[in-house]
Structures are given as C-alpha cells and as structure tokens.
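I sat down with this one at the bench computer and kept a short notebook. Here is what I looked up, in the order I looked.

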Amino acid sequence: MEIRKPAVAGTLESSDCQVTVEPGEGNIEFALESAVINQYGNQIKRVVMETLENLGVKDVRIAIVDKGALDCTIRARVEGAVFRAAGQYDNLPWGGAIR
C-alpha cells in the first residue's frame, strides 16, 4: 500500500495513541513518544512493524504518541492512519480481515 499524503488517527487521551503517517524516503522511519517506553517500547514497535508489514507498507514515516494504548488499539490506529494516507475510505477490511 502506498502512502500518498499525511494522515492522523487516534487521540492523546489516556489509554489511546495518536499515529501520524506521511510518505517516507524509501524505508520505514519510526518515532515513538511514550511515558512507558522503557517497559513497552519494544512491544509497541513490534506491533507497529507487524501491522505495516501486513498492510504491505514499506515506505513511510510514522510517529506514535502513546498514552497507554493496548496492542489492539495501536494496531487499529496504525491501520486507520494508513488507510487515510492511502486515500482508501471504502470497502475497508475491518474485523480481522487484515492479516
């Protein structure tokens, strides 16, 4: 999937995360801001990278501001931001169809 324009999903509320994606420069550039980065930073990065791989995204700049989001929330926010950035608003494969 190609990232065509910048997009954001999520909020800065407790138990959520804000995901910002924009076109990259030939690779995946990952940035994470989190109060629990020492405890969960590796897990957050793993969830983000797996989700990008499942969506076929290889060229993106992605920034996450985490406020204690669970893995399922992080995954959903990444998917939402990527679909918005790719301009895909119809026939979204929600509900576990994304592998």
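My entries follow, from ground rules to single residues.

**Ground rules.** I am working from a predicted model, where local features need pLDDT of at least 70, side-chain atom pairs count only at pLDDT 80 or more, and totals for chains, interfaces and linings use all residues. I number residues from 1 along each chain as its sequence is written, and side-chain values use heavy atoms, with hydrogens and water left out.

**Overall fold.** I asked which pattern the chain follows along the sequence. I read β-β-β-α-β-α, which comes to two helices and four strands. Both kinds of element are DSSP runs numbered from the N terminus: helices are H or I with at least four residues, strands are E with at least two. The radius of gyration is 12 Å, close to the 13 Å that the globule rule gives for 99 residues, so the chain is as compact as a globular protein of that length. For my own reference, that radius is taken over C-alpha atoms, and the rule is 2.2 Å times the number of residues to the power 0.38. I also noted that the C-alpha trace spans about 35 × 30 × 20 Å along its principal axes.

**Burial and contacts.** I find 34% of the 99 residues buried (under 20% relative accessible area; exposed is over 50%, partly exposed in between; 1.4 Å probe, protein chains only). Taking contacts (heavy atoms within 4.5 Å) between residues at least 6 apart in sequence, I see that 73% join residues at least 24 apart.

**Helix H1.** I looked up which residues of H1 (residues 37–55) are buried. They are Gly 41, Ile 44, Val 47, Val 48, Thr 51, Leu 52 and Leu 55. I find the buried residues of H1 packed against strand E3 (28–34), strand E4 (60–66) and helix H2 (71–86). Ile 37 also lies in H1, but it counts as partly exposed, at 38% relative accessibility. After H1 comes Gly 56, with a positive phi near 75 degrees.

**Cysteines.** How many disulfides does a search of the whole structure find? I got zero, with a disulfide being a pair of cysteine sulfur atoms within 2.5 Å. Why is Cys 17 not bonded? The closest cysteine sulfur, in Cys 72, is 10 Å from the sulfur of Cys 17, too far for a bond. I also noted Cys 17 as buried, at 0% relative accessibility.
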